[in-house]
Amino acid sequence: MLEDYPYLMTPDHVAAFTGTTSQEIRKLLGRGEMQGCRIGIRWLIPKLGLLNYLYKDRREKEGDANEEAPLRQAL
């Protein structure tokens with residue numbers, strides 16, 4: 001799904017992928033709703049930060065039970 005994108009994406013990359021604007025992505029980053037880091041005046045978003053944002057509602061609905069499941073399976 002994200003193979004064609006670099007590991008650290010710009011707000012323009014994320015906007016193109018999500019179908020929104022880079023300004024909206026910067027707002028999400030500024031509010032802390034999306035994970036990213038600011039270097040000077042540039043924002044960089046790791047792929048994992050985008051995926052966490054996209055699936056945050058799903059994780060909240062499923063709760064912590066599914067996060068512990070892989071640990072239980074490993075034991």
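Against which elements do the buried residues of α2 pack? In this predicted model, the buried residues of α2 pack against α1 (11-18), β3 and α3 (47-54).

Helix α2 spans residues 22-31, and its buried residues are S22, I25, L28 and L29. These residues lie on the same side of α2, because they cover an arc of only 115° around the axis. Q23 and G30 are exposed, and they are found on the other side of the helix. After α2 comes G32, which has a positive phi, near 80°.

S22 belongs to helix α2. With a relative accessible area of 18%, S22 falls under the 20% limit and is therefore buried. When residues up to four places away in sequence are not counted, the contacts of S22 are P11, D12 and A15. The packing of the buried residues of α2 against α1, which covers residues 11-18, has been noted above.

The packing of α2 also involves β3. Strand β3 runs over residues 42-46 and contains W43. The relative accessibility of W43 is 16%, so that this residue, too, counts as buried under the 20% limit. Residues touched by W43, leaving out those up to four places away in sequence, are M9, T10, P11, R26, L29, G30, G36, C37 and R38. Among them is L29, one of the buried residues of α2. Another contact of W43 is G30, which is exposed on the other side of α2. P11 is touched by W43 and is also touched by S22. W43 and I25 are 18 residues apart along the chain, and the distance between their C-alpha atoms is 9.5 Å.

Charged side chains were examined next. The count of salt bridges comes to 2. In one of them, the side chains of R31 and E24 meet with an N to O distance of 3.8 Å. In the other, the side chains of E33 and R31 meet at 2.7 Å, again from N to O. E24, R31 and E33 are thus linked in a network of salt bridges, with R31 taking part in the bridge to E24 and in the bridge to E33. E24 has a relative accessibility of 28% and therefore counts as partly exposed. E33 likewise counts as partly exposed, because its relative accessibility is 35%. Both values lie between the limits of 20% for buried and 50% for exposed residues.

How values were computed: Residues numbered from 1 in each chain as written. Predicted model: local features only at pLDDT ≥ 70, side-chain atom pairs only at ≥ 80, totals over all residues. Heavy atoms only, no water. Helix = DSSP H or I, 4+ residues; strand = E, 2+ residues; numbered from the N terminus. Buried < 20%, exposed > 50% of the residue type's maximum accessible area, 1.4 Å probe, protein only. Contact = heavy atoms within 4.5 Å. Arc of directions from axis to C-beta. Salt bridge = Lys/Arg side-chain N within 4 Å of Asp/Glu carboxyl O.
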